[in-house]
Every structure is written in structure tokens, then in C-alpha cells.
Amino acid sequence: MATWLQSKWRYLFMFLGVQLVVMALLSREGYHKRVSYFIRIFRKLEITATGTSGAGSPHARNHTGSDVYANLSLLAKAHGRGENMPYCPKTSPLIGGPIHVSFPSGLTLAQVARKNPLVVLGGRYRPPDCEARHRTAIIIPHRNREHHLKFLLYYLHPFLQRQQLNYGIYIIHQAGNYTFNRAKLMNVGFREAMREEDWDCLFFHDVDLIPEDDRNTYMCDANPKHAAIAMDKFGYKLPYKMYFGGVSALSPLHYLKMNGFPNNYWGWGGEDDDIGVRVSLGGMFISRPSVKVGRYKMIKHKLDKGNDVNPRRFNMLAKTRQTWKLDGMNTVEYEVLSRDHFPLYTNITVHIGTEAGLHAMAPSPKIPAKAPAKPPVEAPTKPPAKLQQEQQQNQPTNH
Ligand code: UDH
Ligand code: NGS
């Protein structure tokens with residue numbers, strides 16, 4: 001019996017000893033890091049277990065930001081738009097600062113539509129209780145990034161509503177599988193969006209960048225604005241002084257002053273630098289929000305198929321001063337294959353040709369040379385077909 005007791009005490013002391021060591025470790029300098037590490041593990045488990053989006057669910061809060069949908073449920077209760085509504089306040093009372101951003105699996109467009117009951121066909125919105133002071137179009141160049149698009153829409157709609165904007169979201173989808181051309185798609189987006197409405201500001205927005213602070217207002221400044229000043233992948237600071245990539249904002253006047261964007265950067269790289277140079281060639285400056293506010297999280301990905309690094313980009317950049325007036329909005333050629341107003345966005349599928357021109361290459365049998373009455377049944381790379389189907393099946397009833 002005595003030996004049994006002895007061994008019991010021994011185990012108890014050993015157990016207490018281990019606890020003391022753990023406590024000593026935790027209370028050392030790195031205590032905070034270790035505790036938040038454990039909290040993060042628990043959060044991950046929680047999200048996986050509920051299978052819901054972290055953001056938008058009641059668990060969406062973390063130390064750095066709040067749920068992007070917080071407060072917006074109040075809007076849904078606001079009564080319908082009346083005549084002679086007052087202008088919205090200069091600073092929206094719905095702005096809340098840092099936003100929590102995460103990318104859990106299982107999010108559907110139907111869920112996004114349900115969370116945004118005031119967004120109408122084409123991805124359009126106007127504040128229900130006041131007259132917006134700003135009309136902003138979001139132009140998103142796109143091909144084969146449906147997964148990123150879902151997350152962007154999930155965050156962007158409430159983000160813009162919190163800023164009390166009159167806004168519309170346009171996806172400019174490059175048809176076919178020829179080399180991607182981001183800047184030319186932006187030119188298409190500019191012209192097609194302006195055809196629909198007299199937007200006073202256009203945000204040119206990569207599909208994989210999620211804004212993390214709603215004080216980064218999606219309105220234009222007196223000069224062209226580079227909004228994505230602090231991305232997580234660059235340690236939340238500018239990678240270089242003239243960087244103009246990711247998200248930028250220009251008024252129609254700014255855009256035309258610099259002859260829009262170049263049409264001839266096929267593949268990855270350099271087009272954003274060319275645009276930055278055009279800003280100063282057009283007699284303007286680059287304006288930027290503060291690094292505290294212009295924060296973005298990038299959805300991680302590799303270089304896409306069909307968007308290889310452009311080996312000619314440095315030579316082209318060296319000539320921007322000679323080429324900017326000869327190539328841009330004044331020379332852009334394209335054919336719109338379809339225009340669809342879906343519940344969460346307007347999709348414009350466009351044939352933009354190749355380096356040799358719009359008709360130079362024998363048109364692929366799958367891409368009609370002339371815009372068809374209906375979108376091609378078998379486009380080589382589909383417009384976000386799965387998304388469209390999902391959206392059509394899930395049109396919110398109030399639309
Ligand atoms: N995009 C598409 N589909 C593509 C290519 C690009 O939709 O196939 C759009 C999309 O909006 C994207 C934007 O164009 O956000 C910019 O393209 P990107 O995300 O490929 O460019 P980024 O510079 O990332 O952000 C590149 C990652 C690796 C580059 C390594 C080069 N050294
Ligand atoms: C520069 C590219 C830009 C690009 C930026 C960031 O070098 O187009 O890197 O790239 N300019 C040239 O290649 C001339 S990133 O780190 O996002 O892949 O946007």
C-alpha cells in the first residue's frame with residue numbers, strides 16, 4: 001500500500017512539474033504569439049466544423065477586423081426609395097474600418113446573393129435611404145477565376161454598400177484561350193460601362209484582391225488613384241514607388257486624358273507600369289490612400305495558363321512616351337460576344353483578338369468572328385458558365 005501511495009505521489013509531482021514548465025514557457029516573451037497560435041487553431045476547427053464562411057457567420061470576428069456584413073441588416077429594413085431623398089452624408093455612418101477577410105471553402109453565389117438583398121440585376125446598388133454622392137463602376141478583368149470571383153463578390157458588395165455608393169460591378173471576360181490581356185480588357189470595360197451609365201469613377205480591380213478596410217473609399221480623387229498600396233503579399237507596403245498594379249481608380253476625364261490603357265501588353269507584366277507612366281504623361285499625379293487604409297489580401301494563386309510572362313515588356317515600357325498617344329482608347333478594337341445582367345454582376349464576354357489584330361488570325365471555329373445573337377454554346381474557355389447557372393437558379397425573389 002505504502003509503495004502504491006509513493007508511486008501515486010510521484011506521478012502527481014511529475015504532473016505538477018510538467019504544468020509548471022508549460023506555464024513558464026507561456027509566460028515568457030512569446031506568450032502572445034503562442035496564445036494567438038492556439039486561438040487560430042481553434043478558429044480553424046470551428047469553421048471547418050460548421051462548414052460556413054468565417055466571415056458573415058457570428059464567429060467572423062478576429063483581432064484585426066470585423067464582419068463586413070455587420071450593420072447592413074439595418075439597411076434591408078429601410079423603406080423603399082422615395083422622391084427627393086436627401087443626399088447621403090459626406091462620410092458614411094456605416095463605415096467601420098478594418099474588415100476580417102478569410103477564404104473558407106463551400107461559399108456559393110446563392111449565399112452571396114442572399115446576403116445582399118438590395119443588390120439588383122447586373123450587380124447594381126443604390127442606398128435605399130439617401131441619394132448617393134458618388135457613382136462608381138467596378139471593372140474586373142477575368143478568365144478562369146470563378147473561385148476568386150465568388151470571394152471578391154462576397155466582400156465587395158457589402159464593402160461598397162457600407163460606403164453608401166451608387167455602384168455597378170462589371171466582369172470583362174476574355175473569350176477564347178489566346179494569351180490574356182489585362183489592360184485591353186480594362187479599355188473594353190471602360191467603354192462598355194460608360195455606355196450603360198454616366199459613372200463618375202471607375203475602379204479597375206483584379207479579381208484576387210480583397211480590400212481589408214472600408215475607409216479605403218471607392219470614389220475618385222482629383223488625380224488617378226492607386227488604391228492597392230498595401231498588399232499582404234508585399235508585407236503591406238508598396239513594392240516600388242511607381243507601382244500602379246492591382247486596384248486603381250480613374251474618373252472618365254482622367255482615363256481619356258491618358259488615352260486609356262495600352263492594348264498591346266499580351267501576357268503577364270508591365271502593363272500596370274505603362275499605365276503608371278501614362279498618368280504622368282497625361283499631366284497628372286498618382287494619388288494614394290494611406291498604407292493603414294489601402295490594405296488588400298490577395299487570394300493566393302500561381303501564374304495562369306495562357307498568361308505567360310511577357311518577354312517584350314521592358315522594351316515596350318521603354319517606348320511608352322512615343323506610343324501612348326498611338327495606342328489606347330483611341331485604337332481599341334473588340335467584339336462583344338454577350339452581355340448578361342446577372343444578380344450580382346454584369347458579365348461582358350469579349351473577343352479581343354491577338355497581337356496581329358482582331359481579324360488577323362483565322363477565327364477559331366469556336367469563336368464566331370461576328371458577335372452572335374446568343375453567347376456561343378461552346379466557347380473554348382467558358383464564361384463563368386457554372387456561376388451563371390448557379391445565379392440564374394438562385395435569383396433572389398426581391399429582384
Ligand atoms: N486574370 C484572370 N485570368 C487569367 C489571368 C489574369 O482573370 O488567366 C485577371 C485577374 O483579375 C487577375 C488579374 O488579371 O487578378 C491580374 O493577373 P494575375 O493575378 O496573374 O497577376 P498578379 O501579378 O499575380 O497579381 C501573378 C502571380 C505570379 C507572378 C509571377 C511572375 N514573376
Ligand atoms: C513588376 C512588374 C509589374 C507587376 C509587379 C508586381 O516587376 O507588372 O512587378 O508583380 N513589371 C514588369 O515586369 C515590368 S507581382 O509581385 O504581383 O507578381 O505588377
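This report covers the cores, a small sheet, the ligand site and one buried helix of a predicted model.

## Nonpolar cores

The largest nonpolar core holds 47 residues. L160, I169, Y218 and Y345 make the most contacts inside it. Helix α5, spanning residues 146-162, is the top contributor, with 9 residues. A separate core lies apart from this one. That second core has 29 residues, including A137, Y170, Y255 and I275. In soluble globular proteins, nonpolar side chains tend to be buried together.

Y218 deserves a look of its own. Leaving aside residues up to four places away in sequence, Y218 touches T136, I138, L156, F159, L160 and Q163, among others. Its list of contacts also includes L165, F203, H205, P211, V247 and Y296. L160, one of these partners, is also among the residues with the most contacts inside the largest core.

## A three-stranded sheet

Three strands form an open sheet in the order β5-β9-β7. The pairing is mixed. The edges are β5 (209-211) and β7 (230-231), and each pairs on one side only.

β7 runs parallel to β9 (residues 295-298), and 2 bridges join the two strands. In one of the pairs, A230 has R295 of β9 as its bridge partner. Strands of a sheet pair through backbone hydrogen bonds, either parallel or antiparallel.

## The site of ligand 1

Ligand 1 has 15 residues around it. P141, R143, V207, D208 and W268 come nearest.

Backbone and side chains both supply polar atoms here. A backbone N or O atom of P141 sits 2.8 Å from an oxygen atom of ligand 1. The side chain of W268 places an N or O atom 2.8 Å from a ligand oxygen. For R145, a polar side-chain atom lies 3.1 Å from an oxygen of ligand 1. Taken alone, ligand 1 exposes 670 Å², and the protein buries 80% of that.

## Helix α8

Helix α8 covers residues 271-281 and is mostly covered, with 9 of its 11 residues buried. The buried set contains the acidic residues E271, D272, D273 and D274. I275, G276, R278, V279 and L281 are buried too. I275 of this helix also belongs to the 29-residue core.

What lies over these buried residues? The cover includes helices α6 (182-196), α9 (313-318) and α10 (320-323). After α8 comes G283, with a positive phi near 80 degrees.

Note on methods. Residues numbered from 1 in each chain as written. Chains lettered and ligands numbered in written order. Predicted model: local features only at pLDDT ≥ 70, side-chain atom pairs only at ≥ 80, totals over all residues. Heavy atoms only, no water. Core = buried A, V, L, I, M, F, W, Y, C linked by side-chain atoms within 4.5 Å. Buried < 20%, exposed > 50% of the residue type's maximum accessible area, 1.4 Å probe, protein only. Helix = DSSP H or I, 4+ residues; strand = E, 2+ residues; numbered from the N terminus. Contact = heavy atoms within 4.5 Å. Pairing = 2+ DSSP bridges. Near = heavy atom within 4 Å. Polar contact = N/O pair within 3.5 Å; in protein donor to acceptor, adjacent residues only side chain to side chain. Areas by Shrake-Rupley, 256 points an atom, 1.4 Å probe, with all protein chains shown as cover.
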